[in-house]
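Work through the exercises below with the sequence and the model side by side, and try each task before reading its solution.

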Amino acid sequence: MMNRAKFLARAVRHGQSEGEGWRVRKDGSLFWANVVVTALRDSNGHLLGFAKLTRDTTEDRERAEALTKAKELLELRVEQRTAVLTRVNLELRSEIAERQRAETAAYEFTRRTPSLCGPLQKVREEERTYIAREIHDELGQVCTAIKMDLALIGNKLTNRQSRLRGKVEAATQLVDGMIVTLRRIASELRPDNAG
């Protein structure tokens with residue numbers, strides 16, 4: 001807050017001066033205050049003195065600081081969850097690509113060696129079933145947990161936190177998309193769907 005002389009000079013010029021700053025109570029404790037000084041004038045416009053109104057806004061300031069910290073924490077959690085989703089998605093794509101390469105190699109091998117087709121086909125179907133189950137069970141659970149965390153974060157947001165709400169909604173859409181992709185991949189890997 002500006003010094004007292006400037007504060008009063010501003011009230012004289014503009015009729016009123018307002019500011020915030022730390023103040024000391026009679027007991028010596030500090031509090032955050034909103035101070036309004038109004039210039040009092042007679043009917044001819046001559047300055048008679050000043051009226052000062054001091055309001056203790058410590059609780060308002062503490063609430064605002066707590067809200068800011070909570071918002072920053074929520075934004076950090078959303079960013080962390082989004083990073084986890086991105087990493088899991090990349091790992092899944094890499095594993096799928098590797099499995100497809102292995103499947104193509106196995107197909108080529110079975111095509112060239114018909115006498116081994118039966119046992120190899122059985123092993124191939126078992127591997128596809130195992131992969132489909134792993135994708136559904138493990139990654140499906142991770143996506144569900146992330147979606148639940150995002151819903152919890154979204155429910156704690158206020159209407160004024162629209163930017164953070166947008167990030168939560170975008171991350172939720174990413175998770176929904178990943179769940180659909182996981183279901184499709186798991187379905188395509190099942191032996192009944194093998195082409």
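**Exercise 1: the strands and their partners**

Task: find which residue of β2 is the bridge partner of Arg 23, and then trace how the strands are arranged.

Solution. In β2, Arg 23 has Phe 31 as its bridge partner. The model is a predicted one, in which local features need pLDDT of at least 70 and side-chain atom pairs count only at pLDDT 80 or more, while totals for chains, interfaces and linings use all residues. Residues are numbered from 1 along each chain as its sequence is written, and side-chain values use heavy atoms, with hydrogens and water left out.

Step 1 is to fix the terms: helices (H or I, at least four residues) and strands (E, at least two) are DSSP runs numbered from the N terminus, and two strands pair if DSSP finds at least two bridges between them.

Step 2 is to follow the first pairing, in which 9 bridges join β1 to β2 (residues 30-41), the two strands running antiparallel. Besides the pair already named, Gln 16 has Thr 38 as its bridge partner in β2. The hairpin of β1 and β2 has 5 residues between the strands, and Gly 28 there takes a positive phi near 95°.

Step 3 is to cross to the other side of β2, where 9 bridges join this strand to β3, again in an antiparallel run. Thr 38 has Ala 51 as its bridge partner in β3, and Asn 34 stands opposite Arg 55 of that strand. The hairpin formed by β2 and β3 also has 5 residues between its strands, with Gly 45 in the turn at a positive phi of about 90°.

Step 4 is to assemble the pieces into an open sheet of 3 strands, with the order β1-β2-β3 and antiparallel pairing. Its edge strands, each pairing on one side only, are β1 (16-24) and β3 (47-56). Neighbouring strands are turned by 25° against each other on average, direction ignored, where axes are lines fitted to C-alpha atoms, for helices over the stretch in contact, and angles run from 0 to 180 degrees between N-to-C directions.

Step 5 is to add helix α1 (residues 4-14), which lies across β1, β2 and β3 and runs at about 155° to β1; contact here means heavy atoms within 4.5 Å.

**Exercise 2: cores and buried residues**

Task: establish which residues touch the most other members of the largest nonpolar core, and which helix supplies its largest share.

Solution. A nonpolar core is a set of buried Ala, Val, Leu, Ile, Met, Phe, Trp, Tyr and Cys residues joined through side-chain atoms within 4.5 Å; buried means under 20% relative accessible area, exposed over 50%, and partly exposed in between (1.4 Å probe, protein chains only).

Step 1: the largest core has 25 residues, of which Ile 135, Leu 150, Val 175 and Leu 182 touch the most other members. At least two residues of this core come from each of α2 (58-112), α3 (117-156) and α4 (162-189), and α4 gives the largest share, 10 residues. A second, separate core of 6 residues includes Ala 11, Phe 31, Ala 33 and Val 35.

Step 2: neighbours within four places in sequence left aside, Leu 150 is in contact with Val 78, Val 168, Ala 171, Thr 172 and Val 175. Thr 172 itself is placed in helix α4 and is buried, with a relative accessible area of 19%; on the same basis, its contacts are Lys 147 and Leu 150.

Step 3: Asp 149 in helix α3 is likewise buried, with a relative accessible area of 19%, and touches Arg 77 and Arg 81 when residues up to four places away in sequence are not counted.

**Exercise 3: a position along α2**

Task: decide whether Ala 105 counts as buried, partly exposed or exposed.

Solution. Ala 105 is found in helix α2 and counts as partly exposed because its relative accessibility is 47%. From C-alpha to C-alpha, Ala 105 and Lys 69 are 54 Å apart in space, and they are 36 residues apart in sequence.
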